[in-house]
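Please look over the model shown below before reading the notes that accompany it.

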There are 4 protein chains.
Amino acid sequence: MGSNRLEAFSDGVLAIIITIMVLELEVPEGHEWSDLWDATGLGLLTYLLSFVYIGIYWNNHHHLFQICDEVDGGVLWANLLLLFSLSLYPFTTAWMDESELAQVPVVAYGINLLAAGASFYVLEHMMARLPGQRDKLREAFGRTTKEQLSLLLYTLGILLALFTEPWVGLVPYVLVALM
Amino acid sequence: MGSNRLEAFSDGVLAIIITIMVLELEVPEGHEWSDLWDATGLGLLTYLLSFVYIGIYWNNHHHLFQICDEVDGGVLWANLLLLFSLSLYPFTTAWMDESELAQVPVVAYGINLLAAGASFYVLEHMMARLPGQRDKLREAFGRTTKEQLSLLLYTLGILLALFTEPWVGLVPYVLVALM
Amino acid sequence: MGSNRLEAFSDGVLAIIITIMVLELEVPEGHEWSDLWDATGLGLLTYLLSFVYIGIYWNNHHHLFQICDEVDGGVLWANLLLLFSLSLYPFTTAWMDESELAQVPVVAYGINLLAAGASFYVLEHMMARLPGQRDKLREAFGRTTKEQLSLLLYTLGILLALFTEPWVGLVPYVLVALM
Amino acid sequence: MGSNRLEAFSDGVLAIIITIMVLELEVPEGHEWSDLWDATGLGLLTYLLSFVYIGIYWNNHHHLFQICDEVDGGVLWANLLLLFSLSLYPFTTAWMDESELAQVPVVAYGINLLAAGASFYVLEHMMARLPGQRDKLREAFGRTTKEQLSLLLYTLGILLALFTEPWVGLVPYVLVALM
């Protein structure tokens, strides 16, 4: 089975996820800069963060399916798992934002990031099972150190949010987006 | 008439349906795990269920149009009927979730599942009418036992929700998703 | 300039319009069939009507660009005009539904239908200006009687809604969808 | 890396932005023309304005990637920056509309327009870095006077909104849309 329609469908889902997050931004009731900042300042920053993440996933997804154009049932389901994790970003982002960075929502956001990262990992492994694709993947992605580092940083962020101030947990999250 | 643009349009609609369901999830007002569970726990599970269904439909739709690339007016309308049924999933999912699995909403969800399943059936039959496609379809889908079983299980779920506890009706629905 | 990306963009917009209308459906607060009917019964019917219209436009749009694959600036703008008119369907549908078919909203819906019909007409004429396309269009669409009849029926619906009972105006609207 | 999937993804995002703005339109509570005008009159006009802008960006984006089909990481990120700016249009449009053209929201809208214009500029320059593309771009877009004029007019609009009546700032914004 070719990967064209899977790519088109994933692009559609990612395009929607990245765009509907803006619907979660609350329009300020007042008409001053301070109202914008109070009602939406944090929301704009967390939106930017999640936008960058989805952009990175789109980019990596694009890259992955340029190398491999053979897909099977396992790859289809791993891809859906990834899309499901990513589709929760607007929800966890909104919760984290509305709670003004309370501990549990920051941890929940981190778990969501971790789940998406792990799903991407699963997707790669499902693709590497297919004959002839392992070598192409290894060549293109190397030893995937960057990916493992992301998973580590998400975990670190979760732990920091749990055992220090919640906002400290955001530091490793932002680092991943900047990598 | 070729099927390319029909596939692209259907992919677009399915991508939107699968994604906007997350907008129906209510962001919890509190900041604890218990608030997440109370406000959204059931919503996340029903979202997951509907996400899997739409994923399966996308998969089957993809499969169907890989075999047949000839479409006519009847196929176009059967396809729109299917998309209409599926477009109601976010609505019936939200009602079932907000009612905390009350009887009527669970039955309504089952009717929606049944309508989508029947529409897919109609779509296949409209495609099988076109010259030369019946054999290709029969070869690829066999005697479509799995599909008929789904319709049966949806009906069973509706009956169970009507005559026993509503949540029991969900068991056959979940079974279809796992098949 | 080729028409491929214009078609893809239009498909995307139409797919979104046809799908987000479901977000305007109010989830019933009660859990009985009567609650579904009271809160959403009319909404489901008007949603179905608008869904069919958008489906017809997608179909006609598809047909039009299969015949003509040459576009210029005028065609681009006429196409955007059509998409703008169609993008208002979720809004006018919701107003008509929430007003329970009051006179002005039914008329406003009719004006919206008329505006979209007229935009499609403009689009065809912009395409017929391009060298070599007039004949192809005339051959494929004949004397476009059906289209002119739609515009007439929309006008009739508006007049009926204005001078008799509002719901009477819906009769010609529904007739167009069934044609 | 070819530009096909980047174009498809951008088309998806633009199609969603242009369409979801209609979800921000408040459905009037009353059923008279005056209710429509009071609740939504301004909203319809600002929606139209933003719709035209997104239409222009889609058009220019289309044009740009018809000339250049080579992209690299820098182009990808510049493109995401553009999409991020444009994705804020529904938000700033809604704020400007709900404030009934108060000063700060009109300025914020102008800053958003300016940010998108500047991002498009950055995108062009990232594409012009790639070997062999500078000449093609220069030939097709000339000295980009129109683009620089837009940036100037956005700035003028912001200044007028700041130092005269807010609605005066809209005049240069509208001029750009009509250019």
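The briefing below covers the basis of the model, the relation between chains, their contact, and one pair of helices.

This is a predicted model, in which local features need pLDDT of at least 70, side-chain atom pairs count only at pLDDT 80 or more, and totals for chains, interfaces and linings use all residues. Residues are numbered from 1 along each chain as its sequence is written, chains are lettered from A and ligands numbered from 1 in the order in which they are written, and side-chain values use heavy atoms, with hydrogens and water left out.

**Relation between the chains**
- Chain C is superposed on chain D by a rotation of 90° with 0.0 Å of shift along its axis, at an RMSD of 0.0 Å, where the fit is by least squares on the C-alpha atoms of residues with pLDDT of at least 70 in both copies.
- This is the relation of a four-fold axis, and the residue of chain C that comes closest to the rotation axis is C:G12, whose C-alpha lies at 4.4 Å.
- Chain C is also superposed on chain B by a rotation of 90° with 0.0 Å of shift along its axis, with an RMSD of 0.0 Å.

**Contact between chain C and chain D**
- The contact (heavy atoms within 4.5 Å) takes 32 residues from chain C and 32 residues from chain D.
- Only 6% of the interface residues of chain C are also interface residues in chain D, so the copies meet through different surfaces.
- Chain C and chain D bury about 2,800 Å² between them, 77% of it on carbon and sulfur atoms, buried area being the accessible area (1.4 Å probe) that two parts lose on being put together, summed over both.
- Of the area that chain C buries against chain D, C:R5, C:F9 and C:F91 supply 29%, more than any other three residues.

**Helices α7 and α8 of chain D**
- The axes of helix α7 (residues 145–163) of chain D and helix α8 (residues 170–178) of chain D come within 7 Å and cross at roughly 160°, helices being DSSP runs (H or I, at least four residues) numbered from the N terminus, and axes being lines fitted to C-alpha atoms over the stretch in contact, with angles from 0 to 180 degrees between N-to-C directions.
- That angle makes α7(D) roughly antiparallel to α8(D), a label given to angles over 145 degrees.
- Residues of α7(D), including D:L153, D:Y154 and D:L160, meet residues of α8(D), among them D:P172 and D:Y173.

Key. Helix = DSSP H or I, 4+ residues; strand = E, 2+ residues; numbered from the N terminus. Parallel < 35°, antiparallel > 145°, perpendicular 65-115°, else oblique.
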